[in-house]
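Reader: I would like to go through this model with you, beginning with its aromatic rings and then turning to the chain as a whole. Could you set out the rule for pairing before we count anything?

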Amino acid sequence: MYRRDTVPNGFARAFYMSPEWIRCRRAYAESKGWLCERCAANGLIVPGDEVHHRIRLTRDNLRDPSITLNWDNLELLCKD
């Protein structure tokens, strides 16, 4: 779960605090073994820190679950 001080400010803040996103994020990260997908593709074992949206969230697509909650649009990344 996010700490309040780590959730982005701005138009998407409510989405990132929503139970739907928190459940989706956790389930996706668990499905990837909590490992950074880009590092794993290069044979490295690095913990994943952030579930990233491949298609950036905008005001126009923020309410579209095919963008916001679709696992095909997600990627688990490390801070690097």
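Author: Rings of Phe, Tyr and Trp, the last taken by its six-membered ring, are paired if their centres lie within 6.5 Å; planes under 30 degrees apart count as stacked, those over 60 as edge-to-face and the rest as tilted. The model to which this is applied is a predicted one.

Reader: How many aromatic pairs does the count come to by this rule?

Author: A pair of aromatic rings is described by the distance of the centres and the angle of the planes. For Phe 15 and Trp 21 the centres are 5.3 Å apart and the planes 40° apart, a tilted pair, whereas Tyr 16 and Trp 21, at 5.7 Å and 80°, form an edge-to-face pair. With these two among them, the count of aromatic pairs comes to 4.

Reader: Which residues form one aromatic cluster, and are Phe 15 and Trp 21 buried or exposed?

Author: Buried means under 20% relative accessible area, and both Phe 15 and Trp 21 are buried, as is Tyr 16. Trp 21 pairs with Phe 15 and also with Tyr 16. The one cluster is formed by Phe 15, Tyr 16 and Trp 21.

Reader: In what order do the elements of the chain run from the N terminus on?

Author: The chain, in which buried residues make up 36% of the 80 residues, has 4 helices and 2 strands. Among its contacts with a separation of 6 or more, 54% join residues 24 or more positions apart. From the N terminus on, the order of the elements is α-α-α-β-α-β.

Terms used: Residues numbered from 1 in each chain as written. Predicted model: local features only at pLDDT ≥ 70, side-chain atom pairs only at ≥ 80, totals over all residues. Heavy atoms only, no water. Buried < 20%, exposed > 50% of the residue type's maximum accessible area, 1.4 Å probe, protein only. Contact = heavy atoms within 4.5 Å.
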